[in-house]
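User: I'm new to this one and would like to learn how to read its features. Could you walk me through them, step by step?

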Amino acid sequence: MQLTLNADEAAFREELRTFFTTQIPQEIRDRAAAGDLRYPDDIVETTRILNANGLCVPHWPVEWGGKDWTPIQRHIWQEQLNLANVPDPLPFNASMVGPVIAEFGSQEQKEKFLPATANLDIWWCQGFSEPEAGSDLASLKTRAVRDGDEYIVNGQKTWTTLGQYADWIFLLVRTNPDAPKRQAGISFLLVDMKTPGVEVRPIQLIDGGYEVNEVFFNDVRVPAENLVGEENAGWSYAKFLLGNERSGVARVAASKIRISQAKQLAGETKTANGTLLDDPFLASRIAELENELLALELTQLRVVASSADGKPNPASSLLKLRGSELQQAATELLADIAGPDSLAVAALDADAPNGSADIDAATWAQLTVPTYLNYRKVSIYSGSSEVQRQIIDKAVLGL
């Protein structure tokens, strides 16, 4: 198993590193590093720069903007993107609906949606989860009833991330309530968010932010041409989508950056005996996280190298499970280093969501607790940790 880069791969890495650090505006990368991106503008600007240079959706088919890269090259692309603090292309576009349309959509759907999806001319959001259908997604109740050349959609989706910016939503809907298996009666629909009957309501999170939404569908008429693939085959498309999504959610490079920040900040934080970095317990905690990240990175390389056929690898559930745990551990470490200053966020109001000049605490410290709270989600989305363990049991270990 090759776990080091050859000369060509090292040169490729340097080429990407140079591009990301010179062509993406420094102010956007600084805001990304500080956790203070301006939505939607920073994401749109970054995506269009990447897309204009063929670096937005390298995992797509070449005819739709992809690259004929090896799995290792795709891994290098993701790593260097994160290490340069370049915002990821919007995952709902690049990693979710785009690959589904490219694989299962009609030629008309590909021509209509894929170029606009890659360039973020369309901002997509995901309509999977419902109030009573989260990890048990097959129990979803949103209905789509065929009426001539249209479907009439009724129901509710929840936890719809960044839905307030979305132009379109991709939905899992129940089209055959009498199917012998719940998974067999589900279809994959594309819906314009401006369609009459679509209503978006914000959900305020525990950190005070507004990132997710409820989306209601009341007699929403959707052209039947917006059905992706075959009716009642949506469950297979959803599994394809989630397999692609999980392979990129370990976010090793992003966690590396947080651990590096933690070391720097701990070294700058004075104590009675020197700095926080001199504390043996904290130093061992950082070292343990660094070792765990190295192990995860090597595992990721093995998974990448064994995925040469381009199909989702069930071992990606290992990356999702452990990657989620390490992302949470890194945010907890930063909050602990901030100490009492991390609690200054309690004094913030809606007009100062990313730090307040009136509070005697560094902005980075004020942001640690909101980030810590926000990252509780990573062990739930894309399939909860419990679901990942079930996949590992069955598909990886064969138990």
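**Reading the features**

Analyst: Let's start with a single residue: Val396 is partly exposed, with a relative accessible area of 34%. Keep in mind throughout that this is a predicted model.

User: Where is Val396 found?

Analyst: Val396 belongs to helix α12, which covers residues 385–396. On the surface, Val396 joins Leu318, Leu397 and Leu399 in a nonpolar patch, and together the four have about 380 Å² of accessible area. A residue needs over 30% relative accessible area to be part of a patch, and Val396 has 34%.

User: Okay, now zoom out for me. Into which domains is the chain divided?

Analyst: There's domain 1 (7–89), domain 2 (124–230) and domain 3, which is written in two pieces, 248–346 + 355–397. The centres of domain 1 and domain 3, taken over C-alpha atoms, are 21 Å apart. As for touching, 10 residues of domain 1 are in contact with 13 residues of domain 3.

User: And what does UniProt list for residues 125–220?

Analyst: An unreviewed UniProt entry has "domain: Acyl-CoA oxidase/dehydrogenase middle" there. In the model, that span is 0% helix and 50% strand, and its end C-alpha atoms lie 17 Å apart. The unreviewed entry also gives "domain: Acyl-CoA dehydrogenase/oxidase N-terminal" for residues 7–119. Here the make-up is 68% helix and 0% strand, with 32 Å between the end C-alpha atoms.

User: Next, salt bridges. How many does a search of the whole structure find?

Analyst: The search finds 17. To read one, look for a side-chain nitrogen of Lys or Arg within 4 Å of a carboxyl oxygen of Asp or Glu. Try Arg201 and Glu199: their side chains meet at 2.9 Å, N to O. Arg201 is partly exposed at 37% relative accessible area, and Glu199 is partly exposed at 36%.

User: Which residue forms a salt bridge with Glu211?

Analyst: That's Lys377, with the closest N and O atoms 2.9 Å apart. This pair links distant parts of the chain: Glu211 sits in strand β7 (residues 210–223), while Lys377 is in the loop between α11 (363–374) and α12, 166 residues apart. Lys377 is partly exposed too, with a relative accessible area of 27%.

User: What about Glu325 and Arg389, how far apart are their closest N and O atoms?

Analyst: They're 3.6 Å apart, and the two residues form a salt bridge. Glu325 lies in helix α10 (residues 316–338) and Arg389 in helix α12, so the bridge ties together parts that are 64 residues apart in sequence. Glu325 has 28% relative accessibility and counts as partly exposed; Arg389, at 39%, is partly exposed as well. Both residues also belong to a network of salt bridges that includes Glu292 and Arg322.

User: Let's try a different residue. Is Ala179 buried or exposed?

Analyst: Buried means under 20% relative accessible area, and Ala179 counts as buried at 15%. Its place is the loop between β4 (168–174) and β5 (186–192). Leaving out residues up to four places away in sequence, Ala179 touches Ala184 and Gly185. For a sense of distance, Ala179 and Ser342 are 51 Å apart in space, C-alpha to C-alpha, and 163 residues apart in sequence.

User: And the backbone? Which residues are joined by a cis peptide bond?

Analyst: Check the omega angle for that one: Tyr39 and Pro40 are joined by a cis peptide bond, with omega about -5°. Pro40 lies in the loop between α2 (26–34) and α3 (41–52).

User: What is the phi of Asn85?

Analyst: Phi of Asn85 is positive, about 60°, although the residue is not a glycine. Asn85 sits in the loop between α4 (71–83) and α5 (91–104), and is partly exposed with a relative accessible area of 22%. Asp219 gives you another case, with a positive phi near 50° in a residue other than glycine. Asp219, though, is placed in strand β7. At 48% relative accessibility, Asp219 counts as partly exposed.

Conventions:
Residues numbered from 1 in each chain as written. Predicted model: local features only at pLDDT ≥ 70, side-chain atom pairs only at ≥ 80, totals over all residues. Heavy atoms only, no water. Patch = residues over 30% accessible without salt bridge, like charges linked within 9 Å, V, L, I, M, F, W, Y side chains within 5 Å. Areas by Shrake-Rupley, 256 points an atom, 1.4 Å probe, with all protein chains shown as cover. Helix = DSSP H or I, 4+ residues; strand = E, 2+ residues; numbered from the N terminus. Buried < 20%, exposed > 50% of the residue type's maximum accessible area, 1.4 Å probe, protein only. UniProt positions renumbered as here; feature names shortened; annotations may be inferred. Domains from an automatic or database assignment. Contact = heavy atoms within 4.5 Å.
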